[in-house]
Amino acid sequence: MDAAWSVFLQVLERVSGPFLSFGSMVSLTSLGCALLIAVAFVAARLRRRRRRIRLKVVLRALFPRRMVAHASTGIDISYLIFNTFIFGAMFGWALLSFRTISNGTIDALTGTFGTPAATALPEFAVRALLTVVLFLAYEFGYWLHHYLCHRVPFLWEFHKVHHTANVLTPITVFRVHPVDTWLFVNMLAIAVGTANGVANYALGVTAHQYGLTETNLILVVFIHVYIHFQHSHLWIAFRGLTGRVLLSPAHHQVHHSTNPVHFNKNLGSCLAVWDWMFGTLHIPAKAPERLNFGVEPAGRDVQTISEAYLASFPRAAQTMRGAQPESGMGRRLPGEQLPEPAVEPLGEMSLAPARQA
Ligand SMILES: [Zn+2]
Ligand SMILES: [Zn+2]
């Protein structure tokens, strides 16, 4: 009985962990912050339109019936349950460890170039520098994984599950294929582990970033300020230089659009700089754009979770044989004729407003 109780407690801890941890993408604190910011955003909009701010109106604006009652939202809930209570409770994600990769990098550099001299910088400066470096490495790992998922047909078959959502809500982050998540956490371990090893070697000291519950402090701030709006109906668009540095919620909503002009654009998480640098940035319009979300022909996007998860494997296998799967493909294949990027890569930057599609 004691053993069963202990297993139950372990599973409970594992399941509740992501919601209670500050640094988690789905922490209750970040969801609470998102709610407060959303209320302020809607209230400011009502005020601009000289309308009375009433609770009923605010709630209707935040949770429109067309989204709450949409079949796509119901399916997102089943993804949430599966990923949190079943898959998350049973399996550890990462195969590669951040620490192993970091130590391996330091050993390789020491073996090649010798032992470095320790930096004269004070500890807080070293930690602050490392916090920035690891955040940039996280963002680069995120961008690279996402780029490959959109460009390699085999990987797209798994990543496509995330794009089957017809409406975007904060729980759409759970609509991911386990293979996609597995690849993601391992690529992040490589990107952040390597950066940590190089930075520690260059500084000649073993340093730790500033963080909360083992998550980079800068990332924690972004998670609490605007990450949740990326999957929402609130059009918060950063433009100009800000829109080239930060990936606003509207940037990510454009990423989900079925308009071919938007395919393979805005692949970053919090920062737009990697998209800007590699020519995959599309700056959203200031006024809300009319966007449709999904990947299949109309009416075929909504799938059950088991269909979505299991169908990815034979489709991915088909891509290995060079064949094109029957449905939902053909839009993002390598070499397809895509419209020109709306924003020049960093090297050819001009500060003129971005051409809008
Ligand atoms: Zn994507
Ligand atoms: Zn998304």
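In this predicted model, the side chains of His256 and His231 are joined by a polar contact of 3.4 Å. His256 sits in the loop between helix 12 (249-255) and helix 13 (273-278). Its relative accessibility is 1%, so His256 counts as buried, the cut-off being under 20%. Beyond its neighbours within four places in sequence, His256 is in contact with seven named residues: His162, His163, Leu168, His231, Asn292, Phe293 and Gly294.

Two of these contacts of His256, His162 and His163, are among the buried residues of helix 8. Helix 8 spans residues 153-163. Nine of its 11 residues are buried, so helix 8 is largely enclosed by the rest of the structure. The buried set consists of Leu155, Trp156, Glu157, Phe158, His159, Lys160, Val161, His162 and His163.

Helix 8 also takes part in the metal site. The zinc ion (ligand 1) is coordinated through NE2 atoms of His146, His150, His159, His163 and His255. The coordination distances run from 2.1 to 2.2 Å. Along the chain, the donors follow the spacing H-x3-H-x8-H-x3-H-x91-H. His146 belongs to helix 7 (residues 123-151) and His159 to helix 8, so this pair ties together parts that are 13 residues apart in sequence. In an α-helix there are 3.6 residues a turn, so residues three or four places apart point the same way.

Both members of the pair are shielded from solvent by the accessibility criterion. His146 has 4% relative accessibility and therefore counts as buried. His159, at 5%, counts as buried as well. His163 links the two descriptions: this residue coordinates the zinc ion (ligand 1) and is in contact with His256.

A separate feature is the second largest pocket. About 670 Å³ of space lies within it. The second largest pocket is lined by 23 residues, and those closest to its centre are Arg66, His233, Trp235, Pro288 and Glu289. By type, the lining comprises 10 nonpolar, five polar and eight charged residues.

Several helices contribute to this lining. Helix 2 (28-48), helix 3 (55-62) and helix 4 (65-68) each supply at least two residues. Helix 2 gives the most, with three residues.

Conventions
Residues are numbered from 1 along each chain as its sequence is written. Chains are lettered from A and ligands numbered from 1 in the order in which they are written. This is a predicted model: local features need pLDDT of at least 70, side-chain atom pairs count only at pLDDT 80 or more; totals for chains, interfaces and linings use all residues. Side-chain values use heavy atoms; hydrogens and water are left out. Donors are N, O and S atoms within 2.8 Å of the metal (3.2 Å for Na, K and Ca); water is not among the atoms, so sites may look incomplete. Helices (H or I, at least four residues) and strands (E, at least two) are DSSP runs, numbered from the N terminus. Buried means under 20% relative accessible area, exposed over 50%, partly exposed in between (1.4 Å probe, protein chains only). On a 1 Å grid over the protein atoms alone, a cavity is a set of points where a 1.4 Å probe fits but cannot get out, and a pocket is an open set with protein on both sides within 12 Å along at least five of seven lines; lining residues have an atom within 4 Å of a point. Grid points are joined across faces, edges and corners, and a volume is the space filled by probe spheres set on the points. Ala, Val, Leu, Ile, Met, Phe, Trp, Tyr, Cys and Pro count as nonpolar, Asp, Glu, Lys and Arg as charged, and the others, Gly among them, as polar. A polar contact is a pair of N or O atoms within 3.5 Å; within protein, one must be able to donate a hydrogen and the other to accept it, and residues adjacent in sequence count only if both atoms are side-chain atoms. Contact means heavy atoms within 4.5 Å.
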